[in-house]
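Visitor: Hello! I would like a close look at one part of this protein, namely its sheets and the helices that pack beside them. Could you take me through it slowly?

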Amino acid sequence: MPQPLDLPQGFRWGVSTAAYQIEGAVDEDGRGPSIWDTFAARPGAVRDGHTGAVACDHYHRYPEDVALMKGLGLDGYRFSIAWPRIQPTGAGPANPAGLAFYDRLVDALLTAGITPLPTLFHWDLPQALEDADGWLNRNTAYRFAEYTALVADRLGDRVPAWITLNEPFVHMVYGYALGIHGPGRALMLDALPAAHHQLLGHGLAAAVLRERGLDVMIANNLTPVRPASSSEADQVAATAYDALHNRLFTDPILLGHYPDLSAFGVGPDLGGSVRDGDLKRIAATPLDGLGVNYYNPTRIAAPTDPALPFTEAPIEGVPRTAFDWPVVPDGLRELLTGLRDRYGAALPPITITENGCSVADEPAADGTVQDQPRIDYLAGHLDALAAAVAEGVDVRGYFTWSLLDNFEWAEGYHQRFGLVHVDFETQRRTPKASYAWYRDLITAHRAVREG
């Protein structure tokens, strides 16, 4: 039995997923196409031509998945709502069948004693909005607020807290700057309007939620940035990268202004995207919690390409996941204490909304799935989390990524992050050794909490 960590009373344990990665059923019950349906259909866009058309078939198998969550003893489940299920074209009245699915899911979770924590946008923008320039178009922020109202009015009586956006930095960079995620635009720094419009959408949606008495969060992918050396050039490059990755989507909400992006040749108006009153709208609704998604630190060196003011350098001498990401658990402590030091009283309580690793795990001859590297990863990061709490950081919960092996975006079905193995041919679910370990850890903490 894992030993309980020194964590605050009421600390919440959960798992996270995302709609396009697990639901499937992309053509059922009135769902419209998303940018990921379109992108995955593009030859060469996703490894081996995989798509999320079936994924984990969670749309039909959610009772089985909720039972798996109940077996873990979870306090909460973070999932995302597919905007194209609610508004097939990104505008207009709600699709009743789409709302009904999430009604059923929420009720099943509550019956199992699990608090729902929905994310309103986890990258599956309705294709009709992308046809009108997606997040590069200011109008999308207003459509997002209308969609938020439709969902909150239906589920808000049972769902107390909401996450507006998931990892807007990753969506902007991978989707609009580099073109390796949907919608597949390769605009480099011309993608920055997608940053501002996502943040404006957050601010407008946050106001909608607060008007209904609901709590508001955002989930940002954050990374401690380490200069490759003590040289001034590497230090300057690291500062520039930190502004782009960490501060661009956090400073406006917590401090009411954008960070200094002059290293990118960009002024405080983000190339003309920012209009009078926008920053006030973005910061007007204080966050009730900040979701932090952490996977690894980033090491930065002076630029080698004149197009960008930094170069990413490898982190050497550490274990690596099956995704080839460096495993640096103490980076989580470093990140959390850094947030406290940077934002002080402006920093709301933190929930770790994603943390996990890809392991090349498959069932053994006896049917079990032994994934000790994942157990070691989770244990190390939870130790780092507890160390940050001991240093005074207010962390309220931990949601690991992910409940299920799933469609891992441009990697298709090649990266397995789940506590539960999924055979994508048969949809058979097999809890891994990490599932049992996480269950036992939660049980140990619950005994302390209730003892």
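Guide: Here is a walk from the whole chain to its barrel, then to some helices, and last to a second sheet.

Please keep in mind that this is a predicted model. The chain holds 15 helices and 13 strands. Its radius of gyration is 21 Å, close to the 22 Å that the globule rule gives for 451 residues, so the chain is as compact as a globular protein of that length. Along its principal axes, the C-alpha trace spans about 55 × 50 × 45 Å.

Now let us turn to the barrel. Strands of a sheet pair through backbone hydrogen bonds, either parallel or antiparallel. In this chain, 8 strands form a closed barrel, which runs β1-β2-β3-β4-β5-β7-β10-β11 with parallel pairing. From one strand to the next, the twist averages 25 degrees. For a close look at one pair, find β7 (residues 289–293) and β10 (residues 350–354): these two strands run parallel and are joined by 4 bridges. Within this pair, V292 stands opposite I352 of β10.

Next come helices that lie across strands of the barrel. One of them is α13 (residues 330–343), which lies across β7, β10 and β11 (395–401). The direction of α13 is at about 140 degrees to β10. Another is α15 (residues 433–450), which lies across β1 (12–16) and β11. Here the angle is about 160 degrees, taken between α15 and β1. Strand β11 therefore has both helices lying across it.

Helix α13 also has a helix partner. Two packed helices are described by the angle between their axes and the distance between the axes. For α13 and α14 (residues 372–390), the angle is about 30 degrees and the axes are 7 Å apart. Angles under 35 degrees count as roughly parallel, and α13 and α14 are therefore roughly parallel to each other. Their crossing is right-handed. On the α13 side, the contact is made by D330, L332, R333, L336 and T337, while α14 brings H381, A384, L385, A387 and A388. Sorted by type, the residues of this contact divide into 6 nonpolar, 2 polar and 2 charged.

A second helix pair is worth a look alongside that one. The axes of α7 (residues 139–155) and α9 (residues 192–211) come within 8 Å and cross at roughly 30 degrees. That makes α7 roughly parallel to α9. Helix α7 passes α9 in a right-handed crossing. From α7, the contact uses A141, Y142, F144, A145, T148, A149 and A152, and from α9 it uses H197, L200, G201, H202, L204, A205, V208 and L209. These residues divide into 11 nonpolar, 4 polar and no charged.

Our last stop is the second sheet. This one is open, with 3 strands in the order β6-β8-β9 and mixed pairing. At its edges stand β6 (225–227) and β9 (311–313), each with a single partner strand, so one side of each is left without a neighbour in the sheet. The twist in this sheet averages 45 degrees from one strand to the next. Strand β6 runs parallel to β8 (residues 298–301), and 3 bridges join the two. To find one of these links yourself, start at V225, whose bridge partner in β8 is T298.

Methods
Residues numbered from 1 in each chain as written. Predicted model: local features only at pLDDT ≥ 70, side-chain atom pairs only at ≥ 80, totals over all residues. Heavy atoms only, no water. Axes fitted to C-alpha atoms, helices over the stretch in contact; angles between N-to-C directions. Parallel < 35°, antiparallel > 145°, perpendicular 65-115°, else oblique. Left-handed = near helix turned anticlockwise from the far one by under 90°. Contact = heavy atoms within 4.5 Å. Nonpolar A, V, L, I, M, F, W, Y, C, P; charged D, E, K, R; others polar. Pairing = 2+ DSSP bridges. Rg over C-alpha atoms; globule rule 2.2 N^0.38 Å.
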